[in-house]
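Trainee: Could we go through this structure together, with the reasoning behind each label?
Mentor: Happy to; let's bring it up and begin with the sheet.

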Amino acid sequence: MTRFIDLSHAIEHGMQTYKGVAAPHICDYWTREQSRATYADGSAFQMGRIDMVSNTGTYLDAPFHRFEEGDDLSMLALERLASLPAITVRRPFEKVGLATDAADLDGIDVAGRAVLVHTGWDRHWRMPTYFEEHPFLTEAAARLLAERGAKLVGIDSHNIDDTRPGTGRPVHRELLGAGVPICEHMTNLGALPEDGFAFTAVPPKVMGMGTFPVRAFASL
């Protein structure tokens, strides 16, 4: 039997994914009370509304997020996002520090796989510390993953790049430039085995957008 492991944060009204970025507003567009007056048998339905920026919760970056001519969400074939052979790379920040470099990934077979970097930083989700100095990949690590054929890269941290002042976004450039989607703000990676599972993170098929929340999960 297949067992599923949810790797996504729930999206809640008013939660903050990034400092300075508007939180999602979730409400009823059509209430059950309103709908009862519409149907002769008193049937009741709820229709919801959510106003949010695309970088909310656990989300996927498509190449268009960084590159104007890159594939947007609607252009990503399902083969790039669904039922991908996957591996977990353990990088606990308390033991190894914040940076994951190319040397830390050398010798790991990443070709054709989703590579999920488990740092444990998700324990700080919805806390002020989540936004501070956080685990990240280096430019060299991203280049190695792209050159060796990783199909998707995910991390359970605030950003896959170092976001400290004076830094750029070389990991996004290297991975998205090579057509490798990125899944950020993941959670529960500690529940995954090292390998032998499949990973899925499929966003809606939205044209002209490079980022959107996903229900990311593993199947064992």
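Mentor: This is a predicted model. Its open sheet has nine strands with mixed pairing, in the order β1-β13-β11-β5-β7-β9-β10-β4-β12.

Trainee: What makes β1 (4-6) and β12 (211-213) edge strands?

Mentor: Each of them pairs on one side only. Across this sheet, neighbouring strands are turned against each other by 30° on average, direction ignored.

Trainee: How do you know that β4 and β12 pair?

Mentor: Pairing takes at least two bridges between the strands. Strand β4, residues 59-61, shares three bridges with β12 in the antiparallel sense, so the two count as paired. Within β12, Phe-212 is the bridge partner of Leu-60.

Trainee: Why is Cys-183 called buried?

Mentor: Buried means under 20% relative accessible area. Cys-183 has 0%, so the label fits.

Trainee: And why does Cys-27 count as partly exposed?

Mentor: The label covers values between the 20% and 50% cut-offs. Cys-27 is at 28%, therefore it is partly exposed.

Trainee: How many disulfides does a search of the whole structure find?

Mentor: Zero. A pair would need its cysteine sulfur atoms within 2.5 Å.

Trainee: What makes Ile-26 eligible for a nonpolar surface patch?

Mentor: Patch residues need over 30% relative accessible area and no salt bridge. Ile-26 has 35%, so it passes the area cut-off while still being partly exposed. This residue sits in strand β2, residues 25-30, and forms the patch with Ile-11 and Ile-50, with about 210 Å² of accessible area together.

Note on methods: Residues numbered from 1 in each chain as written. Predicted model: local features only at pLDDT ≥ 70, side-chain atom pairs only at ≥ 80, totals over all residues. Heavy atoms only, no water. Buried < 20%, exposed > 50% of the residue type's maximum accessible area, 1.4 Å probe, protein only. Patch = residues over 30% accessible without salt bridge, like charges linked within 9 Å, V, L, I, M, F, W, Y side chains within 5 Å. Areas by Shrake-Rupley, 256 points an atom, 1.4 Å probe, with all protein chains shown as cover. Salt bridge = Lys/Arg side-chain N within 4 Å of Asp/Glu carboxyl O. Helix = DSSP H or I, 4+ residues; strand = E, 2+ residues; numbered from the N terminus. Axes fitted to C-alpha atoms, helices over the stretch in contact; angles between N-to-C directions.
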